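Colleague: I am new to this structure. Could you take me through the terms as we go?

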Amino acid sequence: MAAAFRIVLFVEEEGGDWHARRLAKAMEARGAEVVVTTLTRCAFDTAAPSGLDIPGFDGRLPDGAFVRSISAGGLEQITFRLGILHALRASGVRVWNDARAIERCVDKSTATFLFRRAGLPTPATRVVEGAAAAQAHAEAMAQALVVKPLFGSQGNGVMKAATPSELPLPEAMGQVYYMQPYLRAADATEFEDWRVFVSCGRILSAMVRKSNSWVTNVHQGAAPQAHLPSYEMQRLALAATQVVGADYAGVDLIAGPDGELLVLEINSNPAWKGLQSVTDVEIADTLADDFLIALRSVPRR
Ligand SMILES: Nc1ncnc2c1ncn2[C@@H]1O[C@H](COP(=O)(O)OP(=O)(O)OP(=O)(O)O)[C@@H](O)[C@H]1O
Ligand SMILES: [Mg+2]
């Protein structure tokens, strides 16, 4: 009988969050041995047989690596952590999602560029460095803009600038301005957008997020409701996930000025607690299945 898969599950904080605990339990229920740790505790080490020191693997390689989340950090820290993931992949370890997909998703400007290059409908977006260039764009657009941090999450730091004078200070944006037209009706008081969860090239589930605030993240107080995604929603979510090369993802869709669907952004480490509260699909179980089935197709070292 084949030995159990030895999996490393990368989390943000020691012990992992609600999502990580459900994932670990689901993988263990399917016979895998799971080591839950953070990338901050890993090391590159020329003395290690694999060149990598992953806690719990004695310098050897795991059979697979599932990335639940990566903790925030400075440029060196993020480069080091993504470097570990790149090295695992280069060593033949299946990394779910791999570093390239994460890099493409976390950086909103790259994701938007890839959506547009693939012909996917996405909001008109301009990303510039420095207040002067942002000011020039805001003046040229002469309409309310939404400004986001390049590495956004959960609606944090997303703000509206009704006039160029309301643009945030460059320090608040890491000197980089990701700008889009404000897509909501000026007199709107109720707002919604959609989150579609994709795994292994299929839709697992979807929700509509409703709020009195125009930033409709569940983390910002929006109410999730079950939603049967239309054919167009499914097509866009699957295409967006493929464009960034992600194994699983949370895709955000929003209605454009004429009601057309637009791909807003994609999350390579999506939270799904809100979605799980409105769907019967056991998301952690399905993610564990998809990941372990994929590992079975990788020849064992
Ligand atoms: N151009 C826009 N016009 C109007 N509302 C917008 C626009 N862009 C974003 N929003 C609203 O703000 C929310 C957060 O924006 P977005 O999803 O881009 O950022 P985020 O912080 O990365 O979120 P996530 O947690 O999904 O990664 C969206 O769900 C949507 O409700
Ligand atoms: Mg979002």
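Colleague: What makes the pair formed by G155 and an oxygen atom of ligand 1 a polar contact?

Modeller: A polar contact is a pair of N or O atoms within 3.5 Å; within protein, one must be able to donate a hydrogen and the other to accept it, and residues adjacent in sequence count only if both atoms are side-chain atoms. A backbone N or O atom of G155 is 2.6 Å from an oxygen atom of ligand 1, so the pair meets the cut-off of 3.5 Å. This is a predicted model, where local features need pLDDT of at least 70, side-chain atom pairs count only at pLDDT 80 or more, and totals for chains, interfaces and linings use all residues. Residues are numbered from 1 along each chain as its sequence is written, chains are lettered from A and ligands numbered from 1 in the order in which they are written, and side-chain values use heavy atoms, with hydrogens and water left out.

Colleague: Which part of K108 lies 2.5 Å from an oxygen atom of ligand 1?

Modeller: A polar side-chain atom of K108 does. With Q154, a polar backbone atom lies 2.3 Å from an oxygen atom of the ligand.

Colleague: How many residues surround ligand 1?

Modeller: There are 25, and K108, Q154, T216, E265 and N267 are the closest. A residue is near a molecule if one of its heavy atoms lies within 4 Å of it.

Colleague: What classes make up the shell around ligand 1?

Modeller: The shell has 9 nonpolar, 8 polar and 8 charged residues. Ala, Val, Leu, Ile, Met, Phe, Trp, Tyr, Cys and Pro count as nonpolar, Asp, Glu, Lys and Arg as charged, and the others, Gly among them, as polar.

Colleague: Why is the peptide bond from W96 to N97 worth a look?

Modeller: That bond is cis, with omega near -10 degrees.

Colleague: What is the phi of D58?

Modeller: D58 has a positive phi of about 45 degrees, although D58 is not a glycine.
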